[in-house]
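User: I would like to go through the labels used for this model and see what each one rests on.

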Amino acid sequence: MKLLNLVLITLFIGMFISCSKDDASDVTSNGWKVTKFLHKGEDKTSDFQSYVFDFQSSGVLTAVKGSTTVTGLWKEVQDSGRNKLVISFGGTGSFEEISEDWTIGTKTDVSIKLTNVSGNAANVGTDVLEFAK
C-alpha cells in the first residue's frame with residue numbers, strides 16, 4: 001500500500017510540474033514581428049519590416065520575408081541574476097545588429113521587450129528590441 005501511495009504521489013507531482021507554465025514557452029511559436037528596434041539611438045525598425053520571426057523550440061530562429069529566409073539561433077539564459085534572450089544571426093547585415101544578449105524587460109504570449117546596454121565608457125547607449133504578434 002505504501003508503494004502504491006508513493007507511486008501515486010510521484011505521478012501527481014510529475015503531472016503538476018509538467019503542467020506548470022515555463023517562460024520559455026511564451027516565445028516558441030511563429031508570427032513574431034519587430035515593432036521597435038533602436039540601435040545606438042537610431043530607429044532601425046524598418047530594416048525588419050515584413051519579416052516574420054519564428055522562435056523554434058530547438059533553438060533555431062528564422063526570419064522570413066517572402067522568399068528570403070535568414071536563419072540564426074536563440075536561447076534564454078540567466079546572467080548575473082537577469083533573464084536574457086540571446087540572439088545570434090552571425091554576419092548577415094542588419095541581422096548582425098540584433099545579434100546580442102538582450103535583457104528581457106517583459107515577455108508575454110503577444111509581446112517581448114528587450115534592452116541591451118552597449119558601447120564603451122565614452123559612448124554608452126541602450127538598444128531596444130521589441131517583438132509583437
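User: Why is K84 called buried?
Analyst: K84 has a relative accessible area of 10%. Buried means under 20%, exposed over 50% and partly exposed in between, with a 1.4 Å probe and protein chains only, so K84 counts as buried. This is a predicted model, in which local features need pLDDT of at least 70 and side-chain atom pairs count only at pLDDT 80 or more, while totals for chains, interfaces and linings use all residues. Residues are numbered from 1 along each chain as its sequence is written, and side-chain values use heavy atoms, with hydrogens and water left out.

User: What makes the contact of K84 with D101 a salt bridge?
Analyst: The closest N and O atoms of K84 and D101 are 3.3 Å apart. A salt bridge needs a side-chain nitrogen of Lys or Arg within 4 Å of a carboxyl oxygen of Asp or Glu, so the pair qualifies. K84 lies in strand β6 (residues 82–88) and D101 in strand β7 (residues 101–107), so the pair ties together parts that are 17 residues apart in sequence. Strands are DSSP runs of E with at least two residues, helices are runs of H or I with at least four, and both are numbered from the N terminus.

User: Which residues share a network with K84?
Analyst: Salt bridges with shared partners join D79, K84 and D101 into one network. The closest N and O atoms of K84 and D79 are 3.4 Å apart. D79 has a relative accessible area of 34% and is therefore partly exposed; D101, at 31%, is partly exposed as well.

User: How do you know that F53 and F89 are edge-to-face?
Analyst: Their ring centres are 6.4 Å apart and the planes are at 75 degrees. Rings of Phe, Tyr and Trp (its six-membered ring) pair if their centres lie within 6.5 Å; planes under 30 degrees apart count as stacked, over 60 as edge-to-face and the rest as tilted. The pair is therefore edge-to-face. F53 lies in strand β3 and F89 in the loop between β6 and α2, so parts 36 residues apart in sequence are tied together.

User: Why is the pair of F53 and F95 called tilted?
Analyst: The centres are 6.2 Å apart and the planes stand at 45 degrees, so the pair is tilted. F53 is in strand β3 and F95 in helix α2, 42 residues apart. F53 is buried at 0% relative accessible area, and F95 counts as buried at 4%.
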